[in-house]
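Biologist: Please show the sequence and the structure, and then let us discuss the salt bridges.

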Amino acid sequence: MNKDKKIAIILAPFLLIGGYVISDLYIESKANVSGLFALSVNAECAMFSGDCILQSGDMQVNITDENGITRSNTSFPVDTVAISLVYNDGKEIIYGLEKAANPQYWERKTDIRAALTQFKTATKLRVVIKRKGSTYFSEFSPAIALN
């Protein structure tokens with residue numbers, strides 16, 4: 001084996017690992033680019049039956065409300081989740097959800113179900129999610145039918 005092949009065999013693992021690290025840093029830096037993204041409702045948002053999925057690119061958010069606990073599950077770990085209830089008279093109450101098991105699961109006790117179904121004093125929800133400098137938002141009217 002000549003001198004050049006020996007050097008190539010010795011350097012190859014270092015170049016492989018270095019390339020992997022640099023590509024990972026590049027991809028992570030692209031993820032930190034701030035932006036504003038609209039979350040769209042895939043179908044009818046039936047959050048009281050567990051079928052309310054919002055999506056923007058690869059980010060998916062599932063919003064549910066069961067027994068007065070509003071939950072949000074995201075496809076990626078996020079920094080904050082806020083849901084606001086917009087009343088018919090224009091008043092808005094913002095609920096900052098709290099991290100549950102990990103940064104993909106958020107929950108909080110709210111009166112969203114009562115305001116939308118029982119008292120019918122509100123018709124819209126707004127969702128704002130922050131992840132690594134990016135902000136995801138949506139405004140929608142959830143389906144009221146309870147199953």
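Modeller: A salt bridge is a side-chain nitrogen of Lys or Arg within 4 Å of a carboxyl oxygen of Asp or Glu. This is a predicted model, in which local features need pLDDT of at least 70 and side-chain atom pairs count only at pLDDT 80 or more, while totals for chains, interfaces and linings use all residues. Residues are numbered from 1 along each chain as its sequence is written, and side-chain values use heavy atoms, with hydrogens and water left out.

Biologist: How many salt bridges does this rule give?

Modeller: The criterion is the N-to-O cut-off of 4 Å. Applied here, the count is five.

Biologist: Which strand holds the Glu92 that pairs with Arg126?

Modeller: Arg126 and Glu92 form a salt bridge, with the closest N and O atoms 3.1 Å apart. The pair links distant parts of the chain, 34 residues apart. Strands are DSSP runs of E with at least two residues, numbered from the N terminus. Arg126 lies in strand β10 (residues 122-131), and Glu92 in strand β7 (residues 92-96).

Biologist: Is Glu139, a partner of Arg126, buried, partly exposed or exposed?

Modeller: The side chains of Arg126 and Glu139 meet at 2.4 Å, N to O. Buried means under 20% relative accessible area, exposed over 50%, and partly exposed in between (1.4 Å probe, protein chains only). At 41% relative accessibility, Glu139 is partly exposed.

Biologist: What does the pair Arg71 and Glu107 tie together?

Modeller: The closest N and O atoms of Arg71 and Glu107 are 3.1 Å apart. Arg71 lies in strand β5 (residues 69-74) and Glu107 in strand β9 (residues 105-109), so their salt bridge ties together parts 36 residues apart in sequence.

Terms used
Helix = DSSP H or I, 4+ residues; strand = E, 2+ residues; numbered from the N terminus.
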